[in-house]
Amino acid sequence: MSKLTNELQALAQKNCNETTEIRENSLVSLSLWMKKTSHLKARANEEWLVSFLRYSRFSVEETKKRLDNFYTLKGSFPEVMMNRSIDDSLLTLFRQGIHTIPRKPVTPEGPCIIISQYSKYDPKKYNPKDAFKLLFMLLEILANENANASISGVVYIVDARDVTMEQMLQYHPALLKKTLMLIEHCLPLRFVEIHLINMRKEGQTVFNFVTSLMPKKLPFKFVVHQKAEDLYQHIPRDAMTVEYGGHNGYQSEALKHWEVTLLKYKDYFASDDSFGVNEKLRVGINSSLEVSQLTGLNGSFRKLDVD
């Protein structure tokens with residue numbers, strides 16, 4: 001693992017209960033559990049597991065649950081979480097700028113920024129499943145590579161400018177429900193803020209539906225801005241790219257940097273479908289109940305209760 005700056009190390013201890021001794025002991029406990037858990041085949045690289053431990057404040061039991069949740073939902077969400085090849089089609093979508101991760105975080109020890117512009121795909125060639133697949137691949141890379149993301153979380157900016165009605169109508173309820181469930185109960189990265197800017201009047205119906213799927217008590221700050229400029233009341237201008245009036249480099253620079261990073265993960269994602277769960281091997285009534293909740297078989301999204 002890469003060495004943390006003094007500031008991030010102090011923040012990891014304060015916010016995540018992380019020390020060298022706790023991290024090493026937790027990784028040993030988690031690895032032993034993974035070897036004994038016959039239904040689960042999860043990635044075992046240290047960076048990936050530490051991101052889950054940090055999210056769970058180094059509670060090994062909470063980490064086990066979230067890791068199991070991730071691979072359980074992966075199997076029931078194959079349209080987004082499987083067949084994740086870094087091929088020409090995905091790279092073409094990426095180059096259109098649908099998701100941009102500026103080079104610098106909000107502050108040296110602060111969260112990472114992700115900017116999504118969902119107008120930047122051809123609805124006759126791509127669909128929201130493709131957009132979300134790329135987004136969660138980028139988030140997985142962040143979890144493996146970026147200490148700011150795993151310690152301080154992610155600030156997510158959704159720019160709805162120029163999103164067409166044809167694009168809006170592609171967002172099916174089941175897709176949105178599973179996407180929100182993946183963010184809240186499965187990912188090893190914490191979304192600390194979500195900001196929606198430049199939403200058209202025609203998008204109000206879609207927006208109202210998405211918010212109806214969210215839990216009553218949100219685990220993150222969610223703000224809808226009437227003007228994009230209002231975003232800077234919440235995050236520093238230095239965090240955003242030049243295209244948004246910020247000082248965090250140009251979008252084209254960020255895309256070039258991240259295309260190189262994506263290509264480094266070509267083999268990683270080529271083997272991705274070999275990881276998951278085999279429900280026939282799962283042992284324990286409680287675990288089976290959790291599976292039924294995660295896959296939407298037992299009550300509504302708002303009723304899902306993960307301790």
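**Exercise 1.** How many residues does helix H4 have, and how far does H4 reach from its first C-alpha to its last?

*Solution.* Before we begin, note that this is a predicted model, in which local features need pLDDT of at least 70 and side-chain atom pairs count only at pLDDT 80 or more, while totals for chains, interfaces and linings use all residues. Residues are numbered from 1 along each chain as its sequence is written, and side-chain values use heavy atoms, with hydrogens and water left out.

Step 1: helices (H or I, at least four residues) and strands (E, at least two) are DSSP runs that are numbered from the N terminus, and H4 covers residues 60-76, which gives it 17 residues.
Step 2: the expected span of a helix is 1.5 Å times one less than its number of residues, and for H4 this comes to 24 Å.
Step 3: from its first C-alpha to its last, H4 reaches 25 Å, close to that expected value.

**Exercise 2.** Find out which residues of helix H3 are buried, and compare the count with that for H4.

*Solution.* Step 1: buried means under 20% relative accessible area, exposed means over 50%, and partly exposed lies in between (1.4 Å probe, protein chains only).
Step 2: H3 runs over residues 46-55, and 8 of its 10 residues are buried, namely Trp48, Leu49, Val50, Ser51, Phe52, Leu53, Arg54 and Tyr55.
Step 3: H4 is also mostly covered, since 13 of its 17 residues are buried.
Step 4: after H3 comes Arg57, whose phi is positive, near 55°.

**Exercise 3.** Which parts of the chain does the salt bridge between Asp272 and Arg84 tie together?

*Solution.* Step 1: side chains of opposite charge can pair when their charged atoms come close, and a salt bridge is a side-chain nitrogen of Lys or Arg within 4 Å of a carboxyl oxygen of Asp or Glu; by this rule the count comes to 15 salt bridges.
Step 2: in the salt bridge of Asp272 with Arg84, the closest N and O atoms are 3.1 Å apart.
Step 3: Asp272 lies in the loop between helix H13 (266-270) and strand S7 (276-277), and Arg84 in the loop between helix H5 (78-81) and H6, so the pair ties together parts that are 188 residues apart in sequence.
Step 4: Asp272 is buried at 2% relative accessibility, and Arg84 is buried at 1%.

**Exercise 4.** Are Arg237 and Glu229 buried or partly exposed?

*Solution.* Step 1: the side chains of Arg237 and Glu229 meet in a salt bridge, at 2.4 Å from N to O.
Step 2: Arg237, at 30% relative accessibility, counts as partly exposed, and Glu229, with a relative accessible area of 46%, is partly exposed as well.
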